[in-house]
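Please read the report below with the sequence and the 3D view side by side, and look up each residue as it is mentioned. The text moves from the whole chain to a few chosen places.

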Amino acid sequence: MRASRLPLPVPSYFMSTRSSPFSFFVFRMFRGPALRILPLFVCFVVPLSVSVLTTVSADPLSKKYDLDFYRDVPSRNLKGLATRSDGRLVAGPVLTELTAVAPFNADLLWTLESAGAPDRWLLGTGPDGRVLEATLDVAKSAFTTREIAKLDEPHIFALKRLPDGALLVGTSPHGVLFLLRDGKVTARVSLPVDSIFDLLVLDADTALIATGNPARLYRIDLKQFATSGVAPEKLITPAQFTARGLTLVGEIRDRNLRRLARFPDGRVAAGSSPKGNIYVFPATISSSAPARADPVLLQENRDAEVTDLLPQPNGDLYATLVYSPSAGDARINVLPSKPSKEGTDALAAPAPVSFSPPAEKFSGRSTLVFFPAGGFPEILSSRSNLAFYQLARRGDTLLIAGGEQGELIGYDLTARLPLTYAGSASSQLNALAAVPGTPDRFLVLRNNAPGLALLDFKATAERSAETRRIDLGTAALFGALRFDRLRDLAPAQLALEIKTSVGSDEVEGWTAWTPLLAADATDPAWRAPALRGRYAKLRLKLPAAAASLEIEKPAVYFLPQNRRPTLQEFRFLAPNFALIPGSEPAPSVTTSLSSILSASKDDDGGQAKRSKAGFLASQIVPAPGAQVALWTLVDPDGDSVTASFSIRREGDTGWTDLSVSSREPYVLFDTARLADGIYFTRLVATEAAPRPAPERLSITFETDNLIVDHTPPAILEATVVRTADTVKITVHGRDAMSLLEGIEVTFNNGAHDTVEQPADGIRDGREESFILEIPLARVTGATAAEVTLYDIAGNAVTRRITL
């Protein structure tokens, strides 16, 4: 009965059961007839306490998955429908991929500009530096292209059609500005920058140029530039700029000036990269005054790129920003500028631009920011792993062309809710423009693969939505799919299909699409035949006539696969100790919001945690002959589990059940009546109600062997050696079954000491020697001592020796 061997804390008055002669009296007393009484008392009391701890769970075995259309349906899987951030499915536009009648051999399409007619559009390409004219045939969902010009620069980042029909073209990586008329280059100038990112036409005679590396804002006199001719060299001196009609009207400290937009009052908004700052230049930069103007910072950012700016007639501004965690996610990577000569910093030629392939997966995020006139900025929408490229407005809805999975995004300004529209098979949608004369149609520029698409809010076509792969967490039998409500839609108009798989592969291993049985008009539930799997995809189809609808978030009900319980832990406590189980904490008489939310996550409402906390508060008390076995059973499906514990002596054939169908995680039994020997043990775990009896699973675990040892060890030799200043007592002993644990020595002068470290240093045998060396001063007057040798089973033998 060594308190030091307890795995759990015990009261202090039980910590020294061998520290006095009285403790040995108690020990010896319980080795007699009283030993037969105490275990019976303990075993009788424990079940009375256990009844407080026992609670039978009756939670339903079926589960449900709340389907969120906004989360679970990607943009590419929508046709004629849109998902809203509240999880609902609503009517949306139809995106039609336009087919090129003949290959136009462009790797990248950078710019989209109207050519003056609804069916004709201008495209700037890369890396071949061509200007194309695309002619649309909406009836055939096709387009044709013709080459207008091929320039000596790789990438066309800026393209504007002037009122007289001429084209103003900005390029990269050498910052060359072209003026094209009838497909011919009539003027050319190379600015001391890497790239020309944007052009803003102010009137028939004036335009603004946004450049990168360095970030500068130039004003150009278009009439003077048209007559300046073609200049192959970069501009350096102020006189060269003046001769070409160019004036430096602004500059920022960031590397690139990416976007320009003009307010109705003449002010100019500008966005930068790689910081992503947004500036406002005064209206004076649009005039013929040569003086430079410093911008006002509207918002400061870092690691971002301003991809578009959309000013409003009332002075408000909408902006899209893309935040990239690393330079590899940016579209263009630039090298540092070369050092310039003294006095020519503003005109120095920078280092060339280097182009890097895009990252395999975009790991950044994008935001839509609202700048009210005279107010503070507000983030309206934010998306991770998605890039916002260009903005457009249709009524009270903002449209955003994005990527990297061909996403088309929207934002309802009235309801203040983000939307996801039907996306493209291409990876990026880099530009978006309203078709002149038809405000419900927008032309979309596609990349990877390059092409065009038409977004039509008035088109009639079959509407459908397909979820991404839904993971239920475990294999399951599918039940019903239920909607709380269908608005402006009859259940008969809704067609639902499902397919399942036991594997996570997106392509192989799936069943065929299986129609869900149509719902009753009074009960909006759709049911499938017996389908099993861990993963599922749902497809929803609606007729083209359903132009106004709103579908609530549905719930998918399923029955998880029944799995057998598992044994996480099993152990025997030290012999001769009993357990008094702690009472389960009483549930609160009031209900709080946190308790409801935690109950929604725990199948049993937290009952298992409360029961475990009460059990861990159990007391451990000395009880000679008592033995406690503890276990932890876990059912992966949350089933209630009962346990039966049995023992069998080595050499016997029959099992003795000590606990049958118990819900408690332990058993307490008396070993006093058991014969010495090794006992095999087993634990049988069986599922219980509410699992139906025919479906209950059972499993048998072979647990640790139990050694029952009532025989005390033998003292083979006990010697005393007295020196000038110490007394050395050596005890050599042996036990038949158990390991020896130590000795206690009590001198007849009241001195007492304990030794648990054997002479050979390792306590690992049934035969050991223990040595006690005690100062002579402590045993002054002692003439004899009682030496007690004990084993780990609590058995002891005592011998009296003379000093």
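What follows is a report on a predicted model, beginning with its confidence and overall make-up and ending with single residues.

## Confidence

The mean pLDDT of the protein is 86, and 85% of the residues score at least 70. Two stretches need caution: over residues 1-58 the pLDDT stays under 50, although the model has 97 contacts beyond four places in sequence for them, and over residues 328-359 the pLDDT is likewise below 50, with 71 contacts in the model beyond near neighbours in sequence. Where pLDDT is low, the predicted coordinates should not be read in detail.

## The chain as a whole

The protein has 803 residues, of which 49% count as buried, and its secondary structure comprises 7 helices and 60 strands. If one takes the contacts between residues at least 6 apart in sequence, 62% of them join residues that are at least 24 apart. The accessible surface comes to about 36700 Å², and carbon and sulfur atoms account for 54% of that surface.

## Nonpolar cores

The largest nonpolar core has 48 residues, and the members that touch the most other members are Phe483, Leu494, Leu540 and Ile551. Strand β37, which covers residues 470-483, supplies the largest share of this core with 6 residues. A second core, separate from this one, has 22 residues, including Val193, Ile209, Leu222 and Phe225.

What does Ile551 touch, once residues up to four places away in sequence are not counted? Its contacts include Phe483, Leu494 and Leu540, and also Phe69, Arg88 and Leu89, which come from a much lower-numbered part of the chain.

## Two hairpins and a sheet

Strand β14 (residues 195-201) is mostly covered, with 6 of its 7 residues buried, and a hairpin of 4 residues connects β14 to β15. The two strands pair in the antiparallel sense over 6 bridges, β15 being made of residues 206-212, and within this pairing Leu200 stands opposite Leu208.

Strand β19 (residues 256-262) is also mostly covered, again with 6 of its 7 residues buried. Its partner is strand β20 (residues 268-273), to which β19 is joined by 6 bridges in an antiparallel arrangement, and Arg259 stands opposite Gly271 in β20. In this hairpin 5 residues lie between the strands, and Gly266 in the turn has a positive phi of about 100°.

Towards the other end of the numbering, 4 strands form an open sheet in the order β57-β56-β59-β60, with antiparallel pairing. The edge strands, each of which pairs on one side only, are β57 (752-755) and β60 (796-802), and from one strand to the next the twist averages 20°. Within this sheet, β56 (residues 740-747) and β57 pair over 4 bridges, and the bridge partner of Glu744 in β57 is Thr754. In a regular strand the side chains alternate between the two faces of the sheet.

## Three buried residues

The table lists three residues together with the strands that hold them and their relative accessibility.

| Residue | Strand | Relative accessibility |
|---|---|---|
| Thr367 | β27 (residues 365-371) | 1% |
| Tyr411 | β31 (residues 408-412) | 2% |
| Gly403 | β30 (residues 397-403) | 0% |

Why does Thr367 count as buried? Thr367 counts as buried because its relative accessibility is 1%, and buried means under 20%. Leaving aside neighbours within four places in sequence, Thr367 is in contact with several residues, among them Ala319, Thr320, Leu321, Ile379 and Phe388.

Tyr411 is buried because its relative accessibility is 2%. Beyond residues up to four places away in sequence, Tyr411 touches residues including Leu368, Leu380, Asp396, Arg416 and Pro418. The C-alpha atoms of Tyr411 and Arg393 are separated by 9.5 Å, while these two residues are 18 residues apart along the chain.

Gly403 is buried because its relative accessible area is 0%. Apart from neighbours within four places in sequence, the contacts of Gly403 are with Leu386, Ala387, Tyr389, Ser427 and Gln428. Of these, Leu386 lies 17 residues from Gly403 in sequence, with 5.6 Å between the two C-alpha atoms.

Conventions: Residues numbered from 1 in each chain as written. Predicted model: local features only at pLDDT ≥ 70, side-chain atom pairs only at ≥ 80, totals over all residues. Heavy atoms only, no water. Pairing = 2+ DSSP bridges. Axes fitted to C-alpha atoms, helices over the stretch in contact; angles between N-to-C directions. Buried < 20%, exposed > 50% of the residue type's maximum accessible area, 1.4 Å probe, protein only. Contact = heavy atoms within 4.5 Å. Areas by Shrake-Rupley, 256 points an atom, 1.4 Å probe, with all protein chains shown as cover. Core = buried A, V, L, I, M, F, W, Y, C linked by side-chain atoms within 4.5 Å. pLDDT = per-residue confidence, 0-100.
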